Amino acid sequence: MKLFDVYPLYDVTPVSARGIEVKDDKGQIYLDFYGGHAVISIGHGHPHYVQRLKDQLDKIGFYSNSVQNPLQSELAEKLGVLSGCKNYNLFMCNSGAEANENALKMASFHTDKSKVIAFKNSFHGRTSAAVATTDNPAINAPINQQQEVTFLPLNDFGAFEEALQKDSYCAAIIEPIQGVGGLDEPTTEFFQFVAEQCRANGMVLIADEVQSGFGRSGKFFAFQHHGIQPDVITIAKGMGNGFPVGGVLIHESFKASYGLLGTTFGGNHLACAAVLSVLEVMEQEHLVDQAAEIGLYCKEKASEIPQVKNIKGRGLMLGLEFDFEVAGLRKDLIHKQYIFTGGAKNKKLLRILPALNVTKTQIDMLFEALKKELS
Ligand code: PLP
């Protein structure tokens, strides 16, 4: 059997990794400033993470959600404390797309409506709120046809008001910092306006923190930069540091009932051990503050490079904008400087998403390599 060929691949085969260093099958070491789309939050192969997963697997890796699993409650408790979101309840699932599907379902159940507002250039996974982030029209096709999505321009107060006058919606879903689309953000005024309009119109406000959450923006959640409180928050990526896991934080004002949501694998013992160890390392190594501090350092270094025309994002969710398309530069960084970076729908943007415990010395190495390739 062959693989269903849907991914264009770089000619690199990683075989081992520690921190932000990745070794390929030829023994070449690369520096990972991308973390597989912001997934690697505490570094590859962190000793605490590895040990906790091994210990858990030795005891029990999986049963089902029909029996008690105290790890889920332990995790919910710790997540509530570290994120400052104690008045939410946690539903665990397996990926970002699944987290958003469940969030949209919750909104639909809660309001008895189905239409959704999303924002142009956003990406919420291969879900009913999917939006084209490439030229590939397939990505634009909603999976769940029942949930019709209206895409509005970000930061356009008038368009939002007009949409609400014309129709009624169950939810607005928003990335506090757009990931794949290219790091555009709602302004604080717009975010607060959307939150207020949702409240006034009985809509559910969903913050998609799949990419921007878990400390990456320099706060636990990126919406916390704007003084708003979403009804539902979705998480995945950095949450498991590579273990496939997602979750939905649902405000305690939403009533749960048996069978309302469900999944086979979500919140299994191994997944919980992975997330708990990520949270423990984040706490012990003060990684949220670290992301804020190193992010500022990164911005400082980037501002010294004349070819960088604009610096977008926060914390360690950054984009350097050039006045040319960066596909060639990214290839040269990989093949000549042995450095992984990310691209975006905005083809002139180089995305920087390293583990939150990346050091200043490693950031210096990135910028030295970048300068070499740009000169
Ligand atoms: N939401 C955001 C903001 C994302 O960036 C992504 C993936 O890139 C998703 C949702 C989908 O996550 P997954 O690929 O785990 O389904």
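**Exercise 1.** In this predicted model, find how far a polar side-chain atom of D208 lies from a nitrogen atom of the ligand, and decide whether the pair is a polar contact.

*Solution.* Begin with the side chain of D208, one of whose polar atoms lies 2.8 Å from a nitrogen atom of the ligand. A polar contact is a pair of N or O atoms within 3.5 Å, so this pair qualifies. Next, turn to the backbone, where a polar atom of G96 is 2.8 Å from an oxygen atom of the ligand, and where a backbone N or O atom of A97 also lies 2.8 Å from a ligand oxygen atom. Finally, consider the cover that the protein provides: the ligand taken alone exposes 390 Å², and the protein buries 82% of that.

**Exercise 2.** Describe the shell around the ligand by residue, by class and by helix.

*Solution.* First, the ligand has 13 residues around it, of which G96, A97, D208, Q211 and K237 come nearest. Second, sorting the shell by class gives 4 nonpolar, 6 polar and 3 charged residues. Third, helix 4, which covers residues 96-111, gives the most to this shell, with 3 residues.

**Exercise 3.** Work out which way the side chains of strand 14 point, and how strand 14 is joined to strand 12.

*Solution.* In a regular strand the side chains alternate between the two faces of the sheet. Strand 14 (residues 349-352) has L349 and R351 pointing one way and L350 and I352 the other way, and all are buried. Now look across to strand 12 (residues 317-321), which runs antiparallel to strand 14 and is joined to it by 4 bridges. In one of these pairings, L318 has I352 of strand 14 as its bridge partner.

Technical notes
Residues numbered from 1 in each chain as written. Predicted model: local features only at pLDDT ≥ 70, side-chain atom pairs only at ≥ 80, totals over all residues. Heavy atoms only, no water. Buried < 20%, exposed > 50% of the residue type's maximum accessible area, 1.4 Å probe, protein only. Helix = DSSP H or I, 4+ residues; strand = E, 2+ residues; numbered from the N terminus. Pairing = 2+ DSSP bridges. Near = heavy atom within 4 Å. Polar contact = N/O pair within 3.5 Å; in protein donor to acceptor, adjacent residues only side chain to side chain. Areas by Shrake-Rupley, 256 points an atom, 1.4 Å probe, with all protein chains shown as cover. Nonpolar A, V, L, I, M, F, W, Y, C, P; charged D, E, K, R; others polar.
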